Amino acid sequence: MATILAIETSCDETAVAVLRVRDDHSRHELLASEVASQVAAHEKFGGIVPEVASRNHLIYAPQLLDRTTSAARIAVSQVDAFAATSGPGLASSLMIGASIAKGLAIGFGKPYLAINHLEGHLLSPFFGDADGDKQIKRNVSLIVSGGHTMSVLVGGLADYQLIGRTVDDAAGEAFDKVAKMLGLGYPGGPEIEKRAVKTAVRYLLPKIAGIPNESEGSRTRSLDHRGPKRDQAAYERSFAFAQDDKLLSDLCASFQQAVIDVLVTKTIAAGQKYRVDLITVSGGVSCNQELRRQLREACSRKGFEFKSAEPWLCTDNAAMIAFAALLRLQAGFQSKITEEIDPNLALV
Ligand code: KG4
Ligand code: ZN
C-alpha cells in the first residue's frame, strides 16, 4: 500500500488530496480531496491578482492539510510520498505548495514528486481506472483549461508529443473574456454555459482554421457585435444589446458553439491523423456539458473510444496531481528536492 499527499497551488485554487494505491496496483482509493476556492477574493478585481492568490494560499494550505488528513483519517507521518504542482502557473502561487510539500518530504524523509499541472489534467480521464498506468493507452488528448488549449499525442505515461495548441487565448480564457465583455461573472465558462443551455445557437460566429486562433476569432467577433470600442457612442448604444436577456443568451450559445465546433473538428482530425483508438479530454473547459456531448458523439460516429474526466476532476484540484504522482512513483520516477518550480514549465 502506498499513500501519497499532493498539494496544488498553481493559480487561485488551494487544493490538497490524499490518494492510496494497493501493492498490486489494483485500485486507487481517493481518501480525501479538498479545494479552497479564491473566486470571491479575485472577483472584485475581474481577474486573478497573483499577490492576493499567494497570500491566500499561505493561509489556506495549512488549514487544508489538516482538513484533508483528518478526512482521510491518516497522520501526515503515514504518507509515503509528497507531491506538488511545480508548474506551469503563477510563480508566487506555485512556490507555496511546492515549499510545503518539500518541507514535509524532508521532515519525514519521504520522496518528493514535482508534477506538471498539465500532466495532472492530461491523466485525469484515467483516474479511478482499475490498472493504473497500464490503462494509459495511446490517445489524442485535448487539454482545455483557463491557461491552455493543446492537443497531445500520448504514447503512455511520460510519453507526450505536442501536436497542436492555441497561439493566443486558451479556450477557458476566451470564455472568461467574453463573459467579462458581456458583463457576466467570473469564471466565465460556467456563466456562459448557464445562459447557453437556455437558448439555441442563432449566430454563426467565425471559425478561423488552424487549432490556434478560433477561440480568439470568436471572442473578437463577439466583441464586434457590440460595436467597435473606439466609437464610444456606438459602444454605449450597443450596450443595450447586452441588456437584452434573450440576445445575450443567444450570443453565449453561439460563442460556445463556435469554440466547440473548432475543438471537436480539430480533435477528430488529430485522432485520424495519428491513428489512435482513444480520444480524451480534460481541463476546466471540459466541464462544459455541450462540449462533452458533442465530442462524445463525434467520437462515436468516427469510431473512437472517448474518455473524459469526471466534472469534479476537470477544474483544478489536487486529486489529479496525486494521481499523476502515484503513477510516476510506481513507474520509478522521483524528483530531486532541489527541483525548482517553473512558471513556464512545458509538458513536452
Ligand atoms: O483547469 P482549470 O480549472 O484551471 C486552469 O488550469 O486554467 O480551468 C479553468 C477554466 C476557466 O477559464 C473557466 O472559465 C473554464 O475553465 N470553465 C468552463 C466551464 N467550467 C470552467 N468553460 C466552459 N464551460 C464550463 N462549464
Ligand atoms: Zn488547470
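## A tour from Ala-158 outward

Select Ala-158 first: with a relative accessible area of 33%, this residue is partly exposed. The model is predicted. Ala-158 sits in the loop that runs between strand S7 (149–156) and S8. Check its backbone: phi is positive, about 65°, although the residue is not a glycine.

**The whole protein**

Zoom out. The protein has 12 helices and 10 strands. Of its 348 residues, 53% count as buried. Turn on the surface: the accessible area comes to about 14,900 Å², and carbon and sulfur atoms own 51% of that. Now consider contacts between residues at least 6 apart in sequence: 71% of them join residues at least 24 apart.

**The five-stranded sheet**

Select S8, S7, S6, S9 and S10. In that order they form an open sheet of five strands with mixed pairing. Strand S8 (159–165) and strand S10 (305–308) are the edges, each pairing on one side only. Look along the sheet: neighbouring strands are turned by 25° against each other on average, direction ignored.

Keep S10 and add strand S9 (residues 278–282). The two pair in the parallel sense over four bridges. For one position in this pairing, pick Val-281, which stands opposite Ser-308 in S10. Next, show helix H10 (residues 289–302). H10 packs on the sheet and touches strand S6 (139–144), S9 and S10. The direction of H10 makes about 160° with that of S10.

**Helix H9 against H10**

Stay on H10 and add helix H9 (residues 245–273). The two axes come within 10 Å and cross at roughly 30°. Angles under 35 degrees count as roughly parallel, so H9 and H10 are roughly parallel to each other. H9 passes H10 in a right-handed crossing. To see the contact, show side chains. The H9 side includes Ile-260, Leu-263, Val-264 and Ile-268. The H10 side includes Leu-291, Leu-295, Ala-298 and Cys-299. Polar and charged names also take part, among them Gln-256 and Asp-261 of H9 and Glu-290 and Lys-302 of H10.

**Helix H5 against H6**

Move to helix H5 (residues 171–181) and helix H6 (residues 188–196). How do their axes cross? They come within 7 Å, at roughly 70°. H5 and H6 are therefore roughly perpendicular to each other. Their crossing is left-handed. Select Phe-175, Asp-176, Val-178 and Ala-179 in H5; these meet Gly-188, Gly-189 and Ile-192 in H6.

Then trace the loop between H5 and H6, where Pro-187 is placed. The peptide bond joining Tyr-186 and Pro-187 is cis, with omega at about -5°.

**Strand S1 and its partners**

Jump to strand S1 (residues 2–8). Is this strand buried or exposed? Seven of its seven residues are buried, so S1 is largely enclosed by the rest of the structure. Check both faces. Ala-2, Ile-4, Ala-6 and Glu-8 are buried on one side, and Thr-3, Leu-5 and Ile-7 are buried on the other.

Add S2. A hairpin joins S1 to S2 through four residues. The two strands run antiparallel, joined by seven bridges. Click Ile-4: its bridge partner in S2 is Leu-19.

Now add strand S4 (residues 81–87). S1 and S4 run parallel, with four bridges between them. Here, Ile-7 has Ala-84 in S4 as its bridge partner.

**Val-21**

Val-21 lies in strand S2 (residues 13–21). Val-21 is buried, because its relative accessible area is 3%. Draw a distance to Ala-2: the two are 19 residues apart in sequence, yet 5.4 Å apart in space, C-alpha to C-alpha. Leaving aside neighbours within four places in sequence, the contacts of Val-21 are Met-1, Ala-2, Arg-27, His-28, Leu-326 and Gln-330.

**Two last backbone stops**

Return to S4. The loop between S4 and helix H3 (91–108) holds Pro-88. A cis peptide bond joins Gly-87 and Pro-88, with omega at about -10°.

Finish at Arg-73, in the loop between helix H2 (50–72) and S4. Arg-73 is not a glycine, but its phi is positive, about 55°. Is Arg-73 buried or exposed? Arg-73 counts as exposed, because its relative accessibility is 76%.

Methods
Residues are numbered from 1 along each chain as its sequence is written. Chains are lettered from A and ligands numbered from 1 in the order in which they are written. This is a predicted model: local features need pLDDT of at least 70, side-chain atom pairs count only at pLDDT 80 or more; totals for chains, interfaces and linings use all residues. Side-chain values use heavy atoms; hydrogens and water are left out. Two strands pair if DSSP finds at least two bridges between them. Axes are lines fitted to C-alpha atoms, for helices over the stretch in contact, and angles run from 0 to 180 degrees between N-to-C directions. Contact means heavy atoms within 4.5 Å. Buried means under 20% relative accessible area, exposed over 50%, partly exposed in between (1.4 Å probe, protein chains only). Accessible areas come from the Shrake-Rupley method with a 1.4 Å probe; for residues, only the protein chains shown count as cover. Angles under 35 degrees count as roughly parallel, over 145 as roughly antiparallel, 65 to 115 as roughly perpendicular and the rest as oblique. A crossing is left-handed if the near helix is turned anticlockwise from the far one by less than a right angle, and right-handed if clockwise.
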